[in-house]
Structures are given as structure tokens and as C-alpha cells.
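Let's take a walk through this protein together, starting with the overall fold and then stopping at a few spots worth a closer look. Keep the viewer open as you read.

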Amino acid sequence: MVRTKWNPAILMMVILFLLSGCSPKQPKANGKLFIIGGGNKSLAMMRELVDLSGIKNSGYMFILPMASAEPDSSIIWTRHDFDSTGVTVMPAFNFKKGEVPPADKLDSLRKARLIFIGGGDQERFMDIVRNTPVMDAIMEAWHNGAVISGTSAGAAVMSRKMITGNQMKHPGLESRYPTIEESNMQITGGMGFLQNAIVDQHFIKRQRLNRLISVSIENPEEVCIGIDESTAIITDGKEAEVTGNNQVIVIRNPLKEKKVNNGLIGTEGLQLSVYLPGQKFSLE
């Protein structure tokens, strides 16, 4: 029997060729996020969101109103916001806590090209969807390329760590944040589209800088993003672009220091940036 002697270089090329042909398929790219800080939403911004999702050409949007105490009204107002964009197919459903979600509604949610989460109370929304088939359907749609959008409370739920708005030391003062204190801002789990960023909303309009500074000091690994009203960020997970009418504030805590004195917290080296419409910033 005659044995063939292989040239080592040729043998390596053959192995690489075979491996390349057998390599597993790359997972589908995630969809994008269109995170609105609340307030009035201009027609230009709504058209930009629709164009990003591509639903004027094919597909549809699905409205989730569960953050609102009046979900039926939330659906009506959301549809009103999109009326002038040319979108006509806007199914919606008020999923409820503890109820088995209808299979057809889950299927429609899973296949939507744009999912819109309305305003209200972010804790109410997460209390309904957390660790449920509804959350799984939203995540599946996003992983398959859908655009996920939300306003106000619907913006807060976008991050892995979510600001609830509650103050642990000053309950009842949620309309203002006059201090920067230790263990005051309540943080719970959000949807997790943004793994390393925390989103705040109505930011400049409602003067929430103290709130986000407190969150940044106590969560130094996160990029803290304050989105003003009538303003949004568009992100693919690596960077964000500002759109709309106003500014976005970004706070980073690179030194990761936390000093405590009689319950007050401090740090050094905070980086605060103010971004205008059209500007981009890193989420890393």
C-alpha cells in the first residue's frame, strides 16, 4: 500500500477550509431601541421611529399599555401619536398579571416589527411582564430585529437596572429629589435591553439631576442616561444617537469612588456630558 505524504502547509489549508464550511451560523443581530424621554412627541420624531422599523413597507406595530393605570386610554393616545405617520395596523393588548396570556396575542407580539411601551408606572409594567411569556415574546421580537420603543415609564424599563422613581428615605417626595443620599433611590430589574446603562426620563424638564447623580455614585459600572421630554435616543447596543427637540445628559463614574458622611454620599471625577440632537455617544 502506497501512503501519500501531505505537505504540512497544504494540510493546514484543507483543515481551515473544512472548518470554515462547518462553522455554526452567527445569531441574528438584535433590533434597535428608540427610547423617548416622555412629553410631547413631534410628528418628525414619530416618522423617524416608523421609518426605522420599516413598518410602512411591511409588518405592523404592537402597543403595550400596561404601565398606565388607564390602559385603554393609553392605547387611544398612542394610536393618536402615530395617526399622521401613515401607520394603519396597530394592534394592542392589555396583558394582566397572573392571567395566562392568549396564545394569539403572544404570537402577534412575537412577530411585530415595532413594539411600543406606553407611559405610566414602570414598576406596574415590570410587575406584569417580568419572567413571563410576555417578556419572552418581546425579547424574541427584539432578537429577530424588531424596534423596541417606549416613552416615559416605557423608557425606564429599557435597562437591566431600572429606576423606579421611589425614594426609600423620603417616600412621598417623588415629584422632586432635593438630596444626594445613600440608599435612597430604589433600583429594581428592568427589561435588560441595555445591559450597562440606566435610563432616566423627563430629565431636564423635571430637574432630576440629583436623582441620576445618586444612581451613578451607587452604580458606578453603569452609564447613566437622562433623556429630556420630546427627545429620544436611538441605539443598536453599542452607541446612541440623540434625536428630537432637547438634550440628553450622560453621567459616568470612572473612578468608582463612593464616600459617605452622615448618610450623604460623594465622589470625585464624575463625567457629565450634555448631548444635542444629532450627536452620538458610546454606551460602553
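The chain's secondary structure adds up to eight helices and 15 strands. Bear in mind as you go that this is a predicted model. Of the 284 residues in the chain, 45% are buried. The contacts also tell you something about how the chain comes together: take the ones between residues at least 6 apart in sequence, and 75% of them join residues at least 24 apart.

Let's begin with a pair of helices. Find helix α4, residues 103-111, and helix α6, residues 133-143. Their axes are 7 Å apart and they pack at an angle of about 25 degrees. Angles under 35 degrees count as roughly parallel, so α4 and α6 are roughly parallel to each other. Which residues make the contact? From α4 you have L106, L109 and R110, and from α6 come P133, V134, A137, I138, E140 and A141. Sort the residues of this contact by class and you get seven nonpolar and two charged, with no polar ones.

Now for the pockets. The largest pocket has a volume of about 240 Å³. It has 16 lining residues, and the ones nearest its centre are K41, W77, D81, G119 and T151. Which helix supplies the largest share of that lining? That would be helix α3, residues 71-82, which puts in five residues. Sorted by class, the lining of this largest pocket comes out as twelve polar, two nonpolar and two charged residues.

The second largest pocket has a volume of about 190 Å³. Of its 14 lining residues, G120, Q122, Q201, R206 and R208 are the closest to the centre. Strand β5, residues 161-167, gives the most to this lining, with three residues. The class count for the second largest pocket is eight polar, five charged and one nonpolar.

While you're looking at the pockets, click on S68. You'll find S68 in the loop between β2 (61-64) and α3, and α3 is the helix that gave the largest pocket the largest share of its lining. Is S68 buried or exposed? Its relative accessibility is 16%, and under 20% means buried, so S68 counts as buried. Not counting residues up to four places away in sequence, S68 touches S74, G119, G120 and R124. Two of those names have come up already: G119 is among the residues nearest the centre of the largest pocket, and G120 is among those closest to the centre of the second largest.

Next, a buried spot on a helix. L212 sits in helix α8. With a relative accessibility of 0%, L212 counts as buried. What does L212 touch, leaving aside its neighbours within four places in sequence? The list runs to I163, D200, F203, C224, I225, G226 and I251. For a sense of how the chain folds back here, L212 and V250 are 38 residues apart in sequence, yet their C-alpha atoms are 9.3 Å apart.

Let's finish with a few loops. Just ahead of α8 (209-218), in the loop that links it to β7 (197-200), is H202. H202 isn't a glycine, but its phi is positive, near 50 degrees. At 6% relative accessibility, H202 counts as buried. N262 has a positive phi too, about 55 degrees, and it isn't a glycine either. You'll find N262 in the loop between β12 (259-261) and β13 (264-266). Its relative accessibility is 79%, so N262 counts as exposed.

The last stop is N246, in the loop between β10 (239-244) and β11 (248-252). N246 has a relative accessible area of 26%, so it is partly exposed. Its contacts, leaving aside neighbours within four places in sequence, are D228, E229, S230, T231, Y275 and P277. One of these, S230, is 16 residues away from N246 along the chain, and the C-alpha atoms of the two are separated by 6.7 Å.

Note on methods
Residues are numbered from 1 along each chain as its sequence is written. This is a predicted model: local features need pLDDT of at least 70, side-chain atom pairs count only at pLDDT 80 or more; totals for chains, interfaces and linings use all residues. Side-chain values use heavy atoms; hydrogens and water are left out. Axes are lines fitted to C-alpha atoms, for helices over the stretch in contact, and angles run from 0 to 180 degrees between N-to-C directions. Helices (H or I, at least four residues) and strands (E, at least two) are DSSP runs, numbered from the N terminus. Angles under 35 degrees count as roughly parallel, over 145 as roughly antiparallel, 65 to 115 as roughly perpendicular and the rest as oblique. Contact means heavy atoms within 4.5 Å. Ala, Val, Leu, Ile, Met, Phe, Trp, Tyr, Cys and Pro count as nonpolar, Asp, Glu, Lys and Arg as charged, and the others, Gly among them, as polar. On a 1 Å grid over the protein atoms alone, a cavity is a set of points where a 1.4 Å probe fits but cannot get out, and a pocket is an open set with protein on both sides within 12 Å along at least five of seven lines; lining residues have an atom within 4 Å of a point. Grid points are joined across faces, edges and corners, and a volume is the space filled by probe spheres set on the points. Buried means under 20% relative accessible area, exposed over 50%, partly exposed in between (1.4 Å probe, protein chains only).
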